[in-house]
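The following exercises are to be worked through with the sequence and the coordinates at hand. Each task is followed by a solution in steps.

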Amino acid sequence: MIEVKNIHKSFGSNHVLKDVSASFEQGKVNMIIGQSGSGKTVLIKCIVGLHEVDSGHIVFDDRDFTSMDYKQRKNVRKEIGMLFQGAALFDSLNVEENVMFPLNMFSDMPREAKIDRVNFCLDKVNLENVNKLFPSELSGGMKKRVAIARAIALNPKYLLCDEPNSGLDPRTSILIDNLISEITKEFNITTVINTHDMNSVVEVGDKIAFIFRGQLWWEGNHLEILNTDNKEVNDFVYATELMKKIKK
Amino acid sequence: MLGFLKELGMYFILLGKVFKRPDKGKLFRQQLVFEIDKIGLDSLGIVVIISIFMGGVVAIQTAFNIDSPWFPVYSVGFTVRQSVILEFSPTIVSLILAGKVGSRIASEIGTMRVTEQIDALDIMGVNSANYLILPKVVAAMLINPLLVIISMFLGILGGWLASTFTGLVMSAHYIYGIQLDFSAYDVFYALVKTVVFAFLITTTSSFKGYFVKGGSLEVGKASTRAVVQSSILIILFNLILTQMLLA
Ligand SMILES: Nc1ncnc2c1ncn2[C@@H]1O[C@H](COP(=O)(O)OP(=O)(O)OP(=O)(O)O)[C@@H](O)[C@H]1O
Ligand SMILES: [Mg+2]
């Protein structure tokens with residue numbers, strides 16, 4: 001479980017996160033939703049320590065991340081897998097080397113075992129025969145899948161995804177969402193997904209946090225979000241004609 | 001001024017992160033070999049060409065300028081040797097490398113920054129500054145002196161080629177000149193300069209790339225700035241080191 005307690009984050013005079021508290025549960029797909037610019041990416045980057053919070057606490061299973069030094073954080077980070085908006089694969093490494101990178105860095109497995117692990121992870125994301133391709137030779141959806149494989153290579157306890165399906169077609173999006181959801185359940189991971197895609201929310205969201213103007217505005221599950229009478233949530237959920245029709 | 005001080009502070013903080021023990025020695029050695037190849041061997045061609053021509057030009061210019069009975073002909077060889085060893089090889093070659101290697105480093109690291117690859121490293125718990133920058137710095141500090149030594153030989157050879165082919169100086173006179181009053185300390189001084197320049201080029205360009213904000217436009221700007229600033233630093237430190245080591 002990851003707990004976020006009363007965090008504040010400003011950039012200069014721009015107060016982005018205002019006293020946000022939320023908890024993200026193990027074995028569940030926890031979603032952070034909200035409009036563009038509401039602070040979702042900043043929140044997820046605060047959770048993993050890419051941004052320092054101004055005040056408040058981030059707690060990974062009773063370990064207070066905010067008060068840790070670099071070394072202690074490093075140990076927690078080995079348990080975190082993160083999927084970036086643009087996949088962030090290492091350009092100079094091929095698919096196999098990308099997925100193997102965390103293993104090379106943090107494990108003393110023999111080479112055969114590493115290759116087995118890489119193939120296992122690539123298999124999990126339904127990628128075959130791409131081991132020797134470079135990121136520039138992959139499609140957007142494939143890149144995301146390789147990035148997921150890399151994120152789960154070290155058996156993470158926490159998986160954080162920043163807009164896993166931005167820039168993907170609806171079918172591929174659902175595929176990626178389901179993949180993340182399956183992996184979450186299978187390995188009992190605490191997964192946090194940051195999205196503004198209502199499809200994913202309805203499809204795989206076990207627990208949903210709605211961020212509005214830098215504040216945690218609403219929390220619930222994917223059934224509740226369709227029937228809440230919270231105005232801002234409704235405005236967000238039923239922003240498209242399609243969703244309005246579905247509601248009727 | 002305040003901006004400059006802030007930047008200087010950030011530069012030293014970054015160096016603090018860079019000069020740590022690598023997370024994994026084996027990976028560091030792999031990266032080091034890779035960078036030596038990229039910085040060293042890739043630059044060999046340009047160093048060869050520039051050095052030969054540089055030596056040749058110095059020889060011809062000296063030969064024309066000492067067209068007076070007061071100067072012995074062998075001073076052409078002597079002048080070529082001194083200028084190549086003391087100045088041309090270490091400084092000009094470093095300036096060329098600042099352009100070639102500096103821009104590559106800044107754009108490579110800058111691209112990794114804007115595509116979140118550096119964030120990805122940090123998230124994994126890798127010291128990204130150390131992992132990306134240290135191999136480049138060490139590689140350049142090892143390989144640049146070698147390039148400069150090669151350049152010295154080729155520069156002097158270029159002078160000989162130019163002298164004998166144009167018939168301005170006889171081979172024997174040139175060779176007598178390049179052996180006259182040779183001091184090993186000059187080579188030492190040149191190599192110290194080279195190592196310092198290598199450090200300046202790689203750290204400055206890495207710094208420019210590491211703190212890029214924005215997109216590919218900013219990466220381009222950072223890479224230009226890396227070249228300009230490393231060149232200025234080279235010229236500045238050339239003066240300081242010359243004052244310290246030769247005066
Ligand atoms: N590194 C930064 N420096 C300064 N301001 C930032 C930085 N990152 C984000 N911001 C600001 O924080 C606010 C929230 O940005 P954030 O990227 O979290 O939005 P988001 O909810 O992820 O939007 P989107 O759905 O478009 O990705 C914006 O006003 C942005 O300008
Ligand atoms: Mg975002």
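Two strands pair if DSSP finds at least two bridges between them. The model is predicted, and the exercises below apply to it.

**Exercise 1. Determine the strand order of the open sheet in chain A and identify its edge strands.**

Step 1. The open sheet has 6 strands in the order 6-7-8-3-9-10 (chain A), and its pairing is mixed.

Step 2. Strand 6 and strand 10 of chain A are the edge strands, since each pairs on one side only. On average, neighbouring strands of this sheet are turned by 20° against each other, direction ignored.

Step 3. At one edge, strand 6 of chain A runs parallel to strand 7 (residues 158–162) of chain A, and 4 bridges join the two. Within this pair, A:Ile80 stands opposite A:Tyr158 of strand 7 of chain A.

Step 4. Strand 3 (residues 29–33) of chain A pairs in the parallel sense with strand 8 (residues 190–195) of chain A over 5 bridges. Strand 3 of chain A also pairs in the parallel sense with strand 9 of chain A, over 4 bridges. A:Asn30 has A:Val192 as its bridge partner in strand 8 of chain A and A:Lys207 as its bridge partner in strand 9 of chain A.

Step 5. Strand 9 and strand 10 (residues 215–220) of chain A pair in the antiparallel sense over 5 bridges. A:Phe212 has A:Gln215 as its bridge partner in strand 10 of chain A. The hairpin of these strands has 2 residues between them, and A:Arg213 there takes a positive phi near 50°.

**Exercise 2. Decide whether the faces of strand 6 and strand 9 of chain A are covered or open.**

Step 1. The cut-off for a buried residue is under 20% relative accessible area.

Step 2. In strand 6 (residues 80–83) of chain A, A:Ile80 and A:Met82 on one side and A:Gly81 and A:Leu83 on the other are all buried, and both faces are thus covered.

Step 3. In strand 9 (residues 207–212) of chain A, 6 of the 6 residues are buried, so this strand is largely enclosed by the rest of the structure. One side carries A:Lys207, A:Ala209 and A:Ile211, and the other A:Ile208, A:Phe210 and A:Phe212.

**Exercise 3. Characterise the surroundings of A:Asn230 and A:Asn234.**

Step 1. A:Asn230 lies in the loop between helix 8 (224–227) and helix 9 (231–237) of chain A, whereas A:Asn234 lies in helix 9 of chain A.

Step 2. A:Asn230 counts as buried because its relative accessibility is 17%. A:Asn234 counts as buried at 15% relative accessibility.

Step 3. The side chain of A:Asn230 reaches the backbone nitrogen of A:Val233 at 3.3 Å. Not counting residues up to four places away in sequence, A:Asn230 touches A:Trp217 and A:Trp218. Under that restriction, A:Asn234 touches A:Thr228, A:Asp229, A:Ala239 and A:Lys247.

**Exercise 4. Classify the packing of helix 4 of chain B against helix 5 of chain B.**

Step 1. The axes of helix 4 (residues 117–124) and helix 5 (residues 128–166) of chain B come within 8 Å and cross at roughly 120°.

Step 2. Helix 4 of chain B is therefore oblique to helix 5 of chain B.

Step 3. Helix 4 of chain B contributes B:Ile118, B:Leu121 and B:Asp122 to the contact, and helix 5 of chain B contributes B:Ser128, B:Tyr131 and B:Leu132. These residues divide into 4 nonpolar, 1 polar and 1 charged.

Note on methods:
Residues numbered from 1 in each chain as written. Chains lettered and ligands numbered in written order. Predicted model: local features only at pLDDT ≥ 70, side-chain atom pairs only at ≥ 80, totals over all residues. Heavy atoms only, no water. Buried < 20%, exposed > 50% of the residue type's maximum accessible area, 1.4 Å probe, protein only. Axes fitted to C-alpha atoms, helices over the stretch in contact; angles between N-to-C directions. Parallel < 35°, antiparallel > 145°, perpendicular 65-115°, else oblique. Contact = heavy atoms within 4.5 Å. Nonpolar A, V, L, I, M, F, W, Y, C, P; charged D, E, K, R; others polar. Polar contact = N/O pair within 3.5 Å; in protein donor to acceptor, adjacent residues only side chain to side chain.
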